[in-house]
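User: Could you take a close look at one part of this model for me? I'd like to hear about the sheet and whatever packs on it.

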Amino acid sequence: MPLLTPGQRDQLLANGRQSGRDHVPVAKFFNQLGIGTWPATELDADNDTCVGLADLGFPEIGSFSLEELASLSLPFGMHIERDIFFTAVYPLSTYAEAAREAGSITTAIRILSNAARTGRGEGA
């Protein structure tokens with residue numbers, strides 16, 4: 001499975017042309033076998049450099065390479081994948097703050113997703 005759909009690539013590139021804004025993450029990549037989660041908000045014109053939140057044990061906003069993520073070989077022939085069920089609701093700064101407080105972006109996403117569902121009257 002490709003790391004980005006064409007629509008996600010287009011949105012990330014559009015966000016990249018408006019760099020410096022607090023965008024909502026467009027895609028989330030993850031290591032299915034352990035540590036490593038990367039929600040992405042922007043893509044550089046080089047079609048490789050993403051801006052987002054990188055969590056390798058300590059969540060921080062920064063940049064990372066799509067090519068490097070795609071080239072990582074994990075045990076059992078697995079690779080970094082895109083979370084096809086991820087839909088961001090909040091801007092990146094909200095996820096970053098929640099990740100720092102919760103200790104991981106995965107926990108923060110779960111907390112913020114529950115809060116968004118509750119806010120829409122869907123329950124927890």
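Analyst: Here is a walk through the strands, then the helix that sits against them, then the aromatic pairs. Keep in mind that this is a predicted model.

Let's start with strand β2, residues 37–43. Seven of its seven residues are buried, so β2 is largely enclosed by the rest of the structure. On one side, β2 is joined to strand β1 (residues 27–30) by four bridges, and the two run antiparallel. If you want a register mark for that pairing, take Lys 28, whose bridge partner in β2 is Pro 39. The hairpin of β1 and β2 has six residues between the strands, and Gly 36 has a positive phi there, near 130°.

β2 also pairs with strand β3 (residues 49–55), again antiparallel and through four bridges. Here the register mark is Leu 43, which has Cys 50 as its bridge partner in β3. Five residues lie between the strands of this hairpin, and Asn 47 takes a positive phi near 60°.

Moving on, β3 is joined to β4 by seven bridges, and this pair is antiparallel too. The hairpin of β3 and β4 has three residues between the strands, with Gly 57 at a positive phi near 115°. Cys 50 is handy for keeping your bearings: it is the bridge partner of Leu 43, and it stands opposite Phe 64 in β4.

Now for the helix. α4 runs over residues 105–119, 15 residues in total, and reaches 20 Å from its first C-alpha to its last, close to the 21 Å expected at 1.5 Å a residue. Its buried residues are Ile 105, Ala 108, Ile 109, Leu 112 and Ala 116. They cover an arc of only 100° around the axis, which puts them on the same side of α4. That spacing is worth a second look: an α-helix has 3.6 residues a turn, so residues three or four places apart point the same way. And what covers that buried set? The cover includes β1, β2 and β3, along with α3 (92–102). Just after α4, Gly 121 takes a positive phi of about 80°.

Last, the aromatics. The count comes to three aromatic pairs. In one of them, the rings of Phe 29 and Phe 64 have their centres 6.5 Å apart and their planes at 80°, so the pair is edge-to-face. Phe 29 lies in β1 and Phe 64 in β4 (residues 59–65), so this contact ties together parts that are 35 residues apart in sequence. Both rings belong to buried residues: Phe 29 has a relative accessible area of 0%, and Phe 64 has 9%.

Tyr 90 and Tyr 95 make another pair, with ring centres 6.1 Å apart and planes at 65°, so it is edge-to-face as well. Tyr 95 is buried, at a relative accessible area of 3%, whereas Tyr 90 is partly exposed at 22%, buried being under 20%. Phe 86 joins in here, since ring pairs link Phe 86, Tyr 90 and Tyr 95 into a cluster.

To pull it together, β2 is the strand to keep on screen: it pairs with β1 and with β3, its residues are buried, and it is among the elements covering the buried residues of α4.

Terms used:
Residues are numbered from 1 along each chain as its sequence is written. This is a predicted model: local features need pLDDT of at least 70, side-chain atom pairs count only at pLDDT 80 or more; totals for chains, interfaces and linings use all residues. Side-chain values use heavy atoms; hydrogens and water are left out. Buried means under 20% relative accessible area, exposed over 50%, partly exposed in between (1.4 Å probe, protein chains only). Two strands pair if DSSP finds at least two bridges between them. Rings of Phe, Tyr and Trp (its six-membered ring) pair if their centres lie within 6.5 Å; planes under 30 degrees apart count as stacked, over 60 as edge-to-face and the rest as tilted. The expected span of a helix is 1.5 Å times one less than its number of residues. The arc is that of the directions from the helix axis to the C-beta atoms. Contact means heavy atoms within 4.5 Å.
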